[in-house]
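Subject: Structure for you to look at, with notes

Dear colleague,

I am passing on the structure we spoke about, and my notes come after it. Please read them with the structure open beside you.

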Amino acid sequence: MIARLLRNVCQRAPSLLYRVSLMMKPQVVFVLGGPGAGKGTQCSKIVESYNYTHLSAGDLLRAERAREGSEFGQLIASYIKEGKIVPVEITINLLRKAMEETIKGDEKKFRFLIDGFPRNEDNLQGWNSVMDGKADVKFVLFFDCGNEVCIDRCLERGKSSGRTDDNRESLEKRIQTYSQSTRPIIELYEKLGKVRTVDASRSVDEVFGDVKAILDKEG
Ligand SMILES: Nc1ncnc2c1ncn2[C@@H]1O[C@H](COP(=O)(O)OP(=O)(O)O)[C@@H](O)[C@H]1O
Ligand SMILES: O=c1ccn([C@@H]2O[C@H](COP(=O)(O)OP(=O)(O)O)[C@@H](O)[C@H]2O)c(=O)[nH]1
Ligand SMILES: [Mg+2]
């Protein structure tokens, strides 16, 4: 009797598990750090080995800027060049849509690396008002890197990136925005015990070694 019951449960387990996975709330890791700290590079490496979808807020904004007929193209272009942070109403919609489309395409894809967001108080408020209760922020993966290294990496990237903001003038503004607006957000999460910090000034592989240790521990 008990054996039959157990066999029944075991046979049904895969479908039960599948149903549970359908109900999974999106699990989010915010990926933060200065311009050029290596957020995008490390996210690309993470998705090769872990079950995460990488969403770069900057990439989504650049795509929206390039989209024909976008009512926000001009605004986004000027904010990016000036190193300012785009009003959250625009960014949060792009992020929400990207998350929804990912989950719609495959219900098992509910883990997200949200790269380069939230960058200021406005971003955080926008996230909380739109996503609160709809997604869990597991932790912030913080790529800690000195300003000089960040600037050098972006200038090097600027030789081939075609980005309008990988130049000295924009970079000075981006670094200022990072110090004044983004660092306080990281500190806020730090107080909640939600920041996992990696020394990002080392080689890509050394940095990734620490990232793997964090992800393996966090599950
Ligand atoms: N650990 C590293 N050491 C040296 N160069 C790096 C490292 N990580 C990334 N880079 C390079 O620095 C530039 C910025 O990296 P990227 O991942 O785009 O940073 P972010 O997304 O934080 O701006 C890129 O040209 C990238 O190839
Ligand atoms: O949530 C975001 C993310 C990016 N940006 C803008 O996009 C630029 C480039 O961001 P990205 O994350 O691509 O730059 P990175 O830090 O990776 O070099 C920023 O300086 C901002 O102007 C923004 O306004 N809101
Ligand atoms: Mg990036």
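The notes below go from the chain as a whole to the two ligands and then to the annotated residues.

Please keep in mind that this is a predicted model. The chain holds nine helices and five strands, and from the N terminus on these elements run in the order α-β-α-β-α-α-α-β-α-β-α-α-β-α. Of the 219 residues in the chain, 28% are buried. Among the contacts with a separation of 6 or more, 80% are between residues that are 24 or more positions apart.

Ligand 1

Around ligand 1 there are 14 residues, of which G38, K39, G40, T41 and R157 are the closest. Two or more residues of this shell come from each of α2, α7 (147–161) and α9 (204–218), and by class the shell is made up of four nonpolar, six polar and four charged residues. The five closest residues can be set beside an annotation, since UniProt, in an unreviewed entry, places a "binding site" feature at G36, A37, G38, K39, G40, T41, R157 and R202.

Two residues of that annotation deserve a closer look. G36 is found in the loop between β1 (27–33) and α2, and this residue counts as buried because it has 26 C-beta neighbours inside 10 Å, where 20 or more are needed. Setting aside residues up to four places away in sequence, G36 touches C150, I151, R153, C154 and R157. A37 is likewise placed in the loop between β1 and α2, and A37 counts as buried with 25 C-beta neighbours inside 10 Å. Its contacts, again without the neighbours within four places in sequence, are with F143, C145, C150 and A200.

Ligand 2

The shell around ligand 2 comprises 21 residues, with A57, G58, V86, G116 and F117 as the closest. The elements that supply two or more residues to this shell are α2 (39–49), α3 (57–66) and α4 (73–81), and α3 gives the most, with three residues. By class, eight residues of the shell around ligand 2 are nonpolar, eight are polar and five are charged.

The helix α3 also packs on helix α5 (residues 88–105), at an angle of about 105 degrees and with the two axes 10 Å apart, so α3 is roughly perpendicular to α5. In this packing, A57, L60, L61 and E64 of α3 meet T91, L94, L95 and A98 of α5, a contact that by class has six nonpolar, one polar and one charged residues. A57 therefore appears twice in these notes, as one of the closest residues to ligand 2 and as one of the α3 residues that meet α5, where the helices lie roughly perpendicular.

A further "binding site" feature in the unreviewed UniProt entry is placed at R62, K84, I85, V86, G116, F117, P118, R119, R163 and R174, and V86, G116 and F117 are also among the closest residues to ligand 2. N123 is listed by UniProt as well, under "binding site" in an unreviewed entry.

I looked at three of these annotated residues in turn. I85 lies in the loop between α4 and α5 and is buried, with 24 other C-beta atoms within 10 Å. Leaving out its neighbours within four places in sequence, I85 is in contact with Y79, R119, N120, D122, N123, T177 and S181. N123 sits in helix α6 (residues 121–131), where N123 is buried with 24 other C-beta atoms within 10 Å, and, not counting residues up to four places away in sequence, it touches I85, V88, T91, F117 and P118. The contact between I85 and N123 thus joins two annotated positions, and T91, which N123 touches, is also one of the α5 residues that meet α3.

R174 is located in helix α8 (residues 168–191) and is buried, with 24 other C-beta atoms within 10 Å. Aside from neighbours within four places in sequence, R174 is in contact with P35, G83 and D165.

With best wishes

Definitions and conventions: Residues numbered from 1 in each chain as written. Chains lettered and ligands numbered in written order. Predicted model: local features only at pLDDT ≥ 70, side-chain atom pairs only at ≥ 80, totals over all residues. Near = placed C-beta within 6 Å. Helix = DSSP H or I, 4+ residues; strand = E, 2+ residues; numbered from the N terminus. Nonpolar A, V, L, I, M, F, W, Y, C, P; charged D, E, K, R; others polar. UniProt positions renumbered as here; feature names shortened; annotations may be inferred. Buried ≥ 20, exposed ≤ 12 C-beta atoms within 10 Å, placed from the backbone. Contact = placed C-beta atoms within 7 Å. Axes fitted to C-alpha atoms, helices over the stretch in contact; angles between N-to-C directions. Parallel < 35°, antiparallel > 145°, perpendicular 65-115°, else oblique.
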